[in-house]
Structures are given as structure tokens and as C-alpha cells.
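The exercises below are meant to be worked through with the sequence and the coordinates at hand. Each one gives a task and then a solution in steps.

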Amino acid sequence: MSGHSTYEPKYAAERWLDKRLPIVRMGVDFMGFPSPRNLNYWYAFGGILTMCLMIQIITGIILAMHYTPDVNIAFDSVQRIRRDVPFGWLLQPIHAVGASMFFLAVYIHMFRGMFYGSYKNPRELLWIIGCLIYLAMMATGFLGYTLPWGQMSFWGATVITGFFGAIPIVGESLQQWLLGGYSVGNPTLQRFFSLHYLLPFVIAALVGLHIWAVHHVGQNNPIGIEPKSKKDTLPFHPFYTMKDAFAIAVFLMIFALFVFYLPDALGHADNYQRANPMVTPPHIVPEWYFLPFYAILRAVPDKLLGIILMFGAIAVLFVLPWLDTAKVRSMRFRPITRWFFIIFLVMCFILGWCGANSPDDVAIPIGEHGMTFKWVSRIATLYYFAYFIPILPVMGWIEKTKPVPESITKAVLSGDA
Amino acid sequence: MSDTDKFDENGEPTRRDFIYIATGAAAAVGVGAVAWPLVSQMGAAADTRAAGSIEIDLSKVSEGQQLKVLWRGKPVFVRYRTQKEIDAADAVDVATLRDPQADDDRFVANPEGKINKNLLVMVGVCTHFGCIPVGEAGDFDGWYCPCHGSHYDTSGRIRKGPAPLNMEIPKYAYISDTVIKVG
């Protein structure tokens with residue numbers, strides 16, 4: 001997709017600069033990048049995510065000017081930001097809500113990619129870089145949630161670092177090395193702060209690779225066929241910058257609704273209690289964006305197996321491009337598989353619902369004793385993995401797909417795009 | 001370097017190959033020597049390790065009570081068990097346990113060489129993911145972990161739920177009739 005340059009410097013100063021450092025040329029070519037003309041609003045989430053990362057970095061750098069990573073002061077320093085620091089009441093919730101908005105956008109972006117087959121040849125690496133960004137986001141989100149040093153922060157950190165303790169033989173030493181002591185304490189908080197500050201820049205670098213890759217192989221589109229002529233594409237600017245701008249405005253309205261009216265709706269009341277190593281809150285749950293994985297972790301009675309399944313749920317995403325054997329990319333032309341995908345989506349929500357509840361409580365009142373959340377999450381976990389193996393590879397072989405349009409332009413003009 | 005350079009006329013590796021390998025090996029050792037402090041600094045610091053032992057006065061606990069003392073950032077439970085709880089712990093068939101251990105093996109002998117089955121001393125941390133179990137709760141009236149639903153009996157042994165092991169008995173010793181040193 002990286003064709004020859006269309007930039008023509010008009011003024012002497014531009015020509016002078018272009019000869020020495022073609023930075024304007026690079027920007028112009030970057031923004032004029034030919035994009036399929038049939039991209040819908042689901043394709044706006046790349047732009048939304050870039051904005052989310054920028055919001056988190058800017059507010060994060062500001063918060064770091066006022067925050068103190070010390071077990072005795074951390075909790076108060078966050079409260080001080082919210083009460084005493086000028087506009088701290090605004091900046092701290094933007095950062096906290098921003099994390100949730102970032103994950104909301106990334107989940108939509110990922111499901112979009114899964115529905116339209118955006119991970120297929122030649123976009124495997126683009127997808128894998130995306131998975132790495134998602135992993136780095138999860139690490140950053142977890143580290144950041146520890147910093148306010150409330151009850152959920154402390155016990156979340158204890159449970160998650162406990163995963164490493166489950167590794168045979170080296171587990172305990174590894175866990176102590178990660179914590180810098182026998183349990184979660186001041187050394188843990190300080191290193192978590194340091195790494196929480198570092199990782200967003202790693203994410204930014206990966207985003208750079210992600211965008212480079214998408215510019216090299218070109219964007220996928222809702223009908224999943226490659227642009228064949230110049231007519232099939234539009235320059236990214238102004239067409240998609242404007243479309244993205246509108247989507248960003250709508251997204252920011254939802255963002256603002258949470259920041260101004262529901263700043264604590266996505267958090268937990270327990271985190272307004274100071275961390276107390278002597279008392280575990282009666283009901284500890286992670287942030288909403290980790291709930292499906294938490295449900296998978298608890299679905300099995302074995303500690304190590306639970307952890308393996310939970311990490312497996314993420315690892316399987318990395319090999320998705322090779323598990324889906326279908327030649328046709330978009331689910332629009334896959335009449336049966338699209339239903340399997342929709343069930344997969346529903347199962348992810350069900351897992352989230354299970355993760356938010358106690359495993360032994362009754363989820364569905366059927367039968368004599370009712371069905372507990374543990375059993376619902378077992379069924380949903382089974383489907384989660386079954387979608388990747390065997391549903392996707394087998395459907396790729398046996399499904400009769402619908403005819404794919406000849407070109408993007410033809411599909412657009414006939415109203416099928 | 002072409003293939004012919006790899007051996008001299010006698011078919012032996014050349015001096016130059018030796019120098020390359022030796023240089024590479026020295027560089028690898030150097031990188032390792034620099035990386036070691038960078039990795040090692042994350043472990044427990046000397047002051048953290050130094051604060052690793054405490055003394056507990058057991059005479060403060062009376063029957064049916066539980067004392068919680070912070071040790072290495074984790075609570076140590078000192079539970080003065082009732083006769084009913086001791087009987088319940090003794091009545092269990094050890095072979096049926098997930099982490100088989102007799103109740104008697106969960107105590108340290110006092111200076112007279114006897115164990116006091118009334119005073120159970122253990123690390124009050126669930127062996128699943130490190131939450132603090134709630135006392136006098138669960139299906140076995142021992143401890144119950146609220147995080148992921150592990151049930152422990154009156155001896156702190158795992159009986160039901162996801163935790164793999166019994167709650168840990170810390171290393172401790174009686175330094176007088178009523179005072180123990182943990183760690």
C-alpha cells in the first residue's frame with residue numbers, strides 16, 4: 001500500500017526542508033494513505049484507541065507529579081489529588097475512567113477484527129502486534145489499579161502475584177522476587193509505580209509498529225476483499241479523519257458522562273478503604289475488563305490448571321490467524337460461522353457476569369438446587385475454547401460461503417457494502 | 001569470512017577462530033555480570049529480610065479466641081481451640097485429605113517436649129491466592145476463604161475448594177512456657 005509519494009512542495013521553504021529532512025512529505029503521505037471506501041464506524045476504534053492512549057499518558061504524567069508511591073502516603077496522596085490539587089477532581093477520574101474507556105474501545109476493536117476476519121493473510125502480524133498491545137494494556141491496567149493502595153488494590157495485587165507462586169518449583173522464589181519481599185508491601189508498590197509509568201511508552205512503540213503494519217498491508221474492510229483499483233479507495237485524510245472525528249466526539253460524550261456523573265460507577269467501593277493486609281474484603285473482584293478471565297480462572301477447582309486456562313484464553317488469540325482456515329475473510333459471507341461468532345460474543349459477556357459473582361451462588365434457578373455461577377462459567381469457558389478449536393478450523397473446511405462481491409466499488413454501488 | 005578460512009592447512013581451527021570465540025565468551029560473561037545486579041535488586045532487601053522474626057505471647061489468648069499477628073506482611077493466626085474442635089480435627093481420616101497431615105504434626109513441641117493441641121499457630125493465608133480466611137466458618141467450622149471459596153477444617157487443613165495445600169505452619173520455637181518466636 002505504500003505507493004509512491006504524492007507530495008509536491010509549493011514554497012521555497014518547503015522545498016528547502018524537503019531536500020534536507022522530508023518530514024512534511026512523510027506526514028502528507030501518511031495522512032493520504034489510501035483506505036477502502038466502504039469502512040464503517042466499527043473502523044473508527046483505531047483512532048479512538050490512539051486518543052485513549054494519549055489521554056492516559058497526559059493525565060498519567062500529571063498525576064505522577066502529585067502522587068507518592070509509599071504504603072503510608074499513597075492512599076492519602078490520591079485523595080489529596082481528588083480534593084486539594086487544582087482540577088485534580090477532574091484529572092484523576094479522567095485517568096481512572098479512561099482506563100475503562102480504553103478497554104471498552106479495545107474490546108470493540110478486537111471483536112470488529114474477529115468479525116471481519118482482519119487477522120487473516122496478510123494481516124497475521126498486524127493482529128499479533130495488536131494482541132501484544134492488549135497484553136501490555138492488561139499489565140498496565142493491573143499495575144495502575146494497585147497504586148491508590150485501597151483494599152481492592154492490595155488484594156488484587158496479592159491474588160495476581162499469587163499466580164506466579166503457583167508455578168512448580170520456582171514459583172515461591174519468583175513471587176518473592178516480583179514482590180521484593182514476603183508479601184505485597186512497599187517495595188511492591190514502588191516497582192509497580194515505576195513499571196506503570198514505563199509500560200504506556202512500550203504500548204506507544206507497539207502502536208507505532210501496529211500502524212506501520214496496517215499501512216504496509218492496507219486496511220481490511222467489512223466485505224473483506226482487497227481493493228483492486230484506485231476507485232476502491234479514498235485518501236485517509238480528509239475522508240476518514242472526519243469520520244473518525246465524529247466517532248471520537250460521540251465516544252467522548254460517553255466518556256464525559258462517566259467522568260462527570262458516574263466517576264466511581266466502574267470501580268469498587270472497597271477501594272475507598274485503605275489497604276489492610278490483615279483483612280480480605282468479603283467479595284474481591286477485579287475491574288470489569290478482567291472479569292471474563294477471572295471467571296475462567298475460577299471455573300476449575302485446580303489452582304495451576306485455572307491459571308493455565310486463563311493465560312490460554314489470551315494465548316489462543318495469538319494463533320487465531322492459523323486456526324481460522326476459511327478463505328473468505330468477512331463473517332458477512334459466512335452464514336453459519338457468524339452465528340458461532342455471535343454466541344462467542346454472548347459467552348464472553350456471560351463469563352464477565354460469572355466473574356462478577358460468587359462461584360457458589362445460584363445463577364439460573366433451574367432444577368432442584370439451581371445452576372451455580374461456577375457451572376455457568378464452566379459451560380461458557382468450554383465454548384470460549386471450542387470456538388477456536390474445533391469450530392473455526394472445521395467451519396473453514398465445511399462451510400459453504402455466500403458469493404463475495406467482485407470489487408469494493410461494485411459492492412458499494414449496489415448497496416451491499 | 002568464507003568457509004575456507006575456518007580451518008588451516010592441517011584441518012585444525014585457526015587462531016583467529018579461537019580469538020573470535022574467546023572474545024564472544026568474554027562479552028557474554030560481561031553482559032551476565034552487568035545483568036545480575038539489575039535482576040537481583042528486585043529481591044527482598046536486607047532490612048526486609050532482617051524484619052523476618054517476631055515473638056508472640058501465647059498467654060494472652062483464651063479458649064475460643066484467635067489472635068492475629070502480622071509477620072512478614074502476613075497474619076499469623078494463634079487459635080486457642082476448644083475440645084470440640086480438637087476432637088473434630090483428630091476424628092478425620094488422614095488418608096482422605098488432599099494434603100495429608102495428622103493434626104499432631106501441625107504443632108511444635110514446647111520445652112518439655114510436649115505439644116499443646118489447644119494452641120494452633122499457623123500462617124493465616126489461603127494457599128490458593130493468598131487471601132485471609134475467615135475463622136469459625138465454612139463447611140468444617142474451621143476457616144473459610146471468601147475469595148474463591150476454600151474450606152479449611154479446625155486444624156487449618158484444606159478440605160474443599162481450589163486451594164492445593166493446608167495452611168502453612170511457620171517455623172517457630174518456644175522460648176519460654178508461653179512465648180514463641182516465629183521465623
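**Exercise 1: a helix and its surroundings**

Task: in this predicted model, list the buried residues of helix 11 of chain A, and establish what they pack against.

Solution. The buried residues of helix 11 of chain A are A:L291, A:P292, A:F293, A:Y294, A:A295, A:I296, A:L297, A:R298 and A:A299. With the cut-off for burial set at under 20% relative accessible area, nine of the nine residues of this helix count as buried, so helix 11 is largely enclosed by the rest of the structure. The next step is to identify the partners: these buried residues pack against helix 5 (88-115), helix 6 (124-146), helix 7, helix 12, helix 14 (337-355) and helix 15 of chain A.

**Exercise 2: the overall form of chain A**

Task: describe the secondary structure of chain A, and decide how its radius of gyration relates to the globule rule.

Solution. Counting elements gives 16 helices and four strands in chain A. The radius of gyration is 24 Å, which is close to the 22 Å that the globule rule gives for 417 residues, so chain A is as compact as a globular protein of that length. Along its principal axes, the C-alpha trace of chain A spans about 65 × 60 × 45 Å. Buried residues account for 51% of the 417 residues of chain A, and, among contacts between residues at least 6 apart in sequence, 78% join residues at least 24 apart.

**Exercise 3: two buried positions in chain A**

Task: locate A:V376 and A:H196, and work out the surroundings of each.

Solution. A:V376 lies in helix 15 (residues 373-398) of chain A, and it counts as buried because its relative accessibility is 8%. Leaving aside neighbours within four places in sequence, A:V376 is in contact with A:I350, A:W353, A:C354, A:A363, A:I364 and A:M371. For one of these partners, A:I350, the separation along the chain is 26 residues, while the distance between the C-alpha atoms of A:V376 and A:I350 is 8.0 Å.

A:H196, in turn, belongs to helix 9 (residues 186-217) of chain A and is buried, with a relative accessible area of 16%. Not counting residues up to four places away in sequence, A:H196 touches A:H95, A:T140, A:L143, A:G144 and A:L147; the side chain of A:H196 reaches the backbone nitrogen of A:G144 at 3.2 Å.

**Exercise 4: where the chains meet**

Task: characterise the contact between chain A and chain B, and then examine B:H128.

Solution. The contact takes 26 residues from chain A and 27 residues from chain B. About 2300 Å² is buried between the two chains, with carbon and sulfur atoms giving 63% of that area. Between the chains there are zero salt bridges, whereas 10 residue pairs are in polar contact. On the side of chain A that touches chain B, helix 7 (151-165), helix 8 (171-179), helix 11 (291-299) and helix 12 (303-318) each supply at least two residues, and the largest share, five residues, comes from helix 7. That side of chain A divides into 16 nonpolar, seven polar and three charged residues.

B:H128 sits in the loop between strand 4 (119-123) and strand 5 (134-137) of chain B, and its relative accessibility of 7% means that it counts as buried. Leaving aside neighbours within four places in sequence, the residues in contact with B:H128 include A:K303 of chain A as well as B:H148 and B:S150 of chain B. Lastly, the side chain of B:H128 makes a polar contact, at 3.2 Å, with the side chain of B:H148.

Technical notes:
Residues are numbered from 1 along each chain as its sequence is written. Chains are lettered from A and ligands numbered from 1 in the order in which they are written. This is a predicted model: local features need pLDDT of at least 70, side-chain atom pairs count only at pLDDT 80 or more; totals for chains, interfaces and linings use all residues. Side-chain values use heavy atoms; hydrogens and water are left out. Buried means under 20% relative accessible area, exposed over 50%, partly exposed in between (1.4 Å probe, protein chains only). A polar contact is a pair of N or O atoms within 3.5 Å; within protein, one must be able to donate a hydrogen and the other to accept it, and residues adjacent in sequence count only if both atoms are side-chain atoms. Contact means heavy atoms within 4.5 Å. Buried area is the accessible area (1.4 Å probe) that two parts lose on being put together, summed over both. A salt bridge is a side-chain nitrogen of Lys or Arg within 4 Å of a carboxyl oxygen of Asp or Glu. Ala, Val, Leu, Ile, Met, Phe, Trp, Tyr, Cys and Pro count as nonpolar, Asp, Glu, Lys and Arg as charged, and the others, Gly among them, as polar. The radius of gyration is taken over C-alpha atoms; the globule rule is 2.2 Å times the number of residues to the power 0.38.
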